[in-house]
Amino acid sequence: MKYLFSILFLILTKAAYSQTISGKVTYDTLKTKQIQVKLLNTNFKTETDSLGFYKFTNIPIGTYKIFVAAAGFRTITQKISVLENEELKLDFELKEDKNELNEVVVSGTLKPVKRLESAVPVEVYSTAFFKKNPTPSIYEALQNINGVRPQLNCGVCNTGDIHINGLEGPYTLVLIDGMPIVSSLSTVYGLSGIPNSLVERIEIVKGPASSLYGSEAVGGLINIITKNPTNAPVFSADYFTTSYFESNLDLGMKFNAGKKAVSLLGVNYFNYDQIIDKDKDNFTDVTLSERISVFNKWSFKRNHNRLFTIAARGMYEDRWGGDIRWEKKYRGGDEIYGESIYTKRGELIGSYQLPFEEKLMLSFSGNVHYQDSRYGTTYYIANQKIGFLQLTWDKKIGRNDLLAGIANRYTYYDDNTTATKDAESTWLPGIFIQDEITFTPKSQILLGMRYDYNSIHGSIFTPRLAYRFKANENTIFRLNAGTGFRVVNLFTEDHAALTGSRDVVIANNLNPEQSVNVNLNYIQKINFGNGTFMGIETTAFYTRFSNKIISDYETNPNEIIYDNIDGYAISQGISTNVDLNFPSGLKFIVGATVLDNKNVENGISQRPYLTENFTGTWSVSYKIAPWNLSMDYTGNVYSPMNLPLLSETDPRSSKSPWYSIQNIQFTYSGWKDFEVYGGIKNLLNFTPKQNNPFLISRTNDPFDKNVQYDSAGKVLVTADNPYGLTFDTTYVYGQNQTIRGFFGLRYTFR
C-alpha cells in the first residue's frame, strides 16, 4: 500500500510542477546577443541560446513577472499567469536603446570603441532622442542637451552659434562623419539643412580635442554621424508644420547601384514666410527663410570588408528679417531696414581604407561657402574654401593600441570688410600620435600629442593625457587633460559685428588663442533588479585660456572693439546627467550644469556677456503600449546672463531673467510604417520681450538719421531719443517665438 501512495504522490507532484515556459527572443539589429531571461523574485533564470531560444521547466502554478534584458536594449517586463499543465509560449522582440552607456563611439579617439571603454568621455544622442522634440534643424535640436545651448546673436537675422559649457560658438568644432566640414563661417548654416532622417547619432565631446582634430576644437566638438546606406530604410519621409506655418520636410531614399554600391539620398526643405510682429516693434519676430539641402552618401562593398564611403551635400538658403514692410527691392538701401542673407554651400566627405594588411585610412573633405548678406546698408560678401586630407594608421601591439596620422588643412578666405585687405590662404599641416595602453582590464591610459604648423602663426604643439579606471562593472572614473588652440578669423564668427549698427575696431593684431583643460568624469550604473535602470554621469571641468579674444561693447556704443585679453580667462564647473528607466515604459533623462566663466584683466574678474551660471535640461517619456501612444515632455531652464546695454539710461534690463522653454508631444504608432505626432512648443509662452520695453533699440530710426552726438561722440538725449540710444540688435538671448502647436507625420519603409 505504501508503494501505491508513493507513486500517487510522485504523479501529483509532477503534475503540480509540469508547467513550462519557452519561446524565442529576437532583436532589431544584426548584432548577436546573449539575452538574460528570468522570473523576478524566483530562482528561475536562464540565457538564450545562439538562436535566441529559452525554456523554463517545472514552474509552479502562479502569477509571475518575466524579465528579458540585454545590454544596449530596452528591457521587457511582463506579467504572466501559469496554469496547471500549461506549456506557455512567449516570444519577445528587443528594441535597441541607443541612449545606453554601451553605445559605440568614435569621436574621443578616432576609432570605434564602446562608450564605457573609451578613455575619453563622449556623450551620445540618437535620433530617438531628437524625435522627442522635432525641430527643422540640428542647431535647434541641441537645445535639450545638457551643457549645450544654441545662442542667438542677432535679434533681426536670427543667426547664432553653439555654446558648450558657456563657451562661445567659435570654440566648438562641428564635424560630419568625423570630418571638419563645418567651418566657423557656417557653424549655424552647416547645422541647418542636414536631413534629420539621415542622422544616425550625434556625439559630443566637451573640452579641448585639438590633439586629434587641430584648430577650433578648444571648447569641445560635435560630431554628426550620418547613417550607413547599407542599414538605412528603403524610404523615409517626415513632414511637420506649426501654428506659425513653419513647414519642414525630410526625405530619405536608399537604392542599390549594381552589386557593390549602395546609395542614400536625402532632401530637406524648410519654408517659413509669415510676417509676425507680436511684440509690436514693427520688426519681424522671427526671420523668414526658405532653405533646401540635398545630401547623397555612397557605400561601396570591397574585399575584406574594407571601408569606402563618399558623401556630398549642397545647400541654398534665402533668409531675411527686419522692418515688416521690407521687400527685396529695398535690399542694401537706406529706405526701409532689412537684413537679407543668401547662402550657398557645397560639401564633399569621404573615407577610403587603403588595400594593405596594415589598417591605413585615408579621409578627405572639402567645402565651398559663399555668403552674400545685407545688414541694412552694410554689405558682407564672403567666400571661403576649405580642403582637408588625413591619413591614419591604426595598430594594436600587445597592450598598446596605437593611432598615428598626418593631416593637412587648407583654408581660403576673402570678404569685403576692412579687416580683410587681401584674401587669406592658410596651410595647416600637422602630425599626431596617440597610444592607449591597457595595464589591466580595469586600468588604461591614453597619451597623445599633435604638432601643427600654421603658415601665418608658426608652430603649435598640443599634448593630451587620459586615464580610465574601471572600479567594477558599474563604476568608472576618467581623468582627461590637454591643451587646445584656435586660429581666429574674426568676421567668420561674430555676426554682431556685421549688423551695420556698430563699427568694428580691432585694437591690435589678433594672436591665436590657447587653452589648458582638465576634467574628471564619473559614471555609475545601477540595476535595481526589477527592470529599473539608472545611469549617472558627472563631470567636473576646468579650462584656462590665454590670448582669449574678447569683445568690448561698453567703451563706445557705436563700436565693437576686439583685442586679445590682457590677462586670462577661465571656464569651470560641474555637469551631471541622469538616465532613469522603469520597466513600465517611463523614462527620465535629466541634466544640470553649474558654470563659472570669467575674464580676468588687471586683477578684475568679469563674467562674459550671454553666459549663464546654471543650465538644466530634461526629457520625460512614457509609452502606453496597448494604445500605441507615447508622450514626451522636454524642456530646459537657464539662469540670468549679462546683456550688453548701450548707455546708463538704457531702460532694458542688464540681466536676462530665469527662463524656461518647455514642450510636450504625443506620438501614435498604431499604423504600420506610420507615426503621427503633435504637441505644443514653448508651453510657458516665454519671449525675451517680457519685462523689457523693447528688444531692438530705435527700430523707428534704424539708420540713425536722427541721432545727435556731442563733441566727444556720445549720444545726446533728445525729445526724439529720450534714452540716448542708437539702433542696435545685440540685445538678444533667446528665441522670440510664442507658444505654438505643431503636427507631423512620419513614414518609414524598410
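This passage describes the strand pairing, selected residue environments and a nonpolar surface patch of a predicted protein model.

The predicted model contains five helices and 43 strands. Of the 750 residues in the protein, 56% are buried, and the accessible surface amounts to about 32,400 Å², with 57% of that surface belonging to carbon and sulfur atoms. When contacts between residues at least 6 apart in sequence are considered, 64% of them join residues at least 24 apart.

One set of paired strands involves β33, β36 and β37. Strand β33, which covers residues 533-546, pairs with strand β36, residues 567-581, in the antiparallel sense over 13 bridges, and within this pairing R544 has I570 of β36 as its bridge partner. Strand β36 also pairs with strand β37, residues 586-601, again in the antiparallel sense and over 15 bridges; here V578 stands opposite V590 of β37. The hairpin formed by β36 and β37 has four residues between the strands, and in this hairpin G585 adopts a positive phi near 105°.

A second set is built around strand β41, residues 659-668, which is mostly covered, with seven of its ten residues buried. Strand β40, residues 629-638, runs antiparallel to β41 and is joined to it by ten bridges, and M631 finds its bridge partner in F666 of β41. Strand β41 is further joined to strand β42, residues 674-681, by five bridges, and these two strands likewise run antiparallel; in this pairing the bridge partner of Q665 is G679 of β42. Five residues lie between the strands in the hairpin of β41 and β42, where D673 takes a positive phi near 70°.

Further positive phi values occur in the loop between β42 and β43. Most residues other than glycine have a negative phi. N682, which is found in the loop between β42 and β43 (residues 740-749), nevertheless has a positive phi near 55°, and R698, located in the loop between β42 and β43, has a positive phi of about 55° although it is not a glycine. N682 counts as buried because its relative accessibility is 1%, with the cut-off for burial set at under 20%. R698, at 9% relative accessibility, therefore also counts as buried.

The surroundings of R149 were examined as an example of a charged side chain in a strand. R149 belongs to strand β12, residues 148-152, and is classed as buried because its relative accessibility is 2%. The side chain of R149 is joined to that of E612 by a polar contact of 3.1 Å. Apart from its neighbours within four places in sequence, R149 is in contact with D161, I162 and H163, with L610 and E612, and with Y638, M641 and Y733. Among these contacts, Y638 lies within the residue range of strand β40 (629-638).

The aspartate D91 offers an example from a loop. D91 is found between β7 (87-89) and β8 (92-94), and it counts as exposed because its relative accessibility is 61%, where the exposed class begins at over 50%. Leaving aside neighbours within four places in sequence, D91 is in contact with G23 and K24, and the side chain of D91 reaches the backbone nitrogen of K24 at a distance of 2.8 Å. The C-alpha atoms of D91 and Y54, which are 37 residues apart along the chain, are separated by 9.5 Å.

Attention then turned to the surface, where a nonpolar patch of about 700 Å² is made by L447, L465, Y467, F469, F477, L479, V518, L520 and Y542. The elements contributing two or more residues to this patch are β29 (458-472), β30 (475-486) and β32 (513-527), and the largest share, three residues, comes from β29. In a regular strand the side chains alternate between the two faces of the sheet. L465, one of the residues of the patch, is found in strand β29. With a relative accessible area of 33%, L465 is classed as partly exposed, because this value falls between the limits of 20% and 50%.

Note on methods
Residues are numbered from 1 along each chain as its sequence is written. This is a predicted model: local features need pLDDT of at least 70, side-chain atom pairs count only at pLDDT 80 or more; totals for chains, interfaces and linings use all residues. Side-chain values use heavy atoms; hydrogens and water are left out. Buried means under 20% relative accessible area, exposed over 50%, partly exposed in between (1.4 Å probe, protein chains only). Two strands pair if DSSP finds at least two bridges between them. Contact means heavy atoms within 4.5 Å. A polar contact is a pair of N or O atoms within 3.5 Å; within protein, one must be able to donate a hydrogen and the other to accept it, and residues adjacent in sequence count only if both atoms are side-chain atoms. Patches are made of residues with over 30% relative accessible area and no salt bridge: like charges are joined within 9 Å, nonpolar side chains (Val, Leu, Ile, Met, Phe, Trp, Tyr) within 5 Å. Accessible areas come from the Shrake-Rupley method with a 1.4 Å probe; for residues, only the protein chains shown count as cover. A salt bridge is a side-chain nitrogen of Lys or Arg within 4 Å of a carboxyl oxygen of Asp or Glu.
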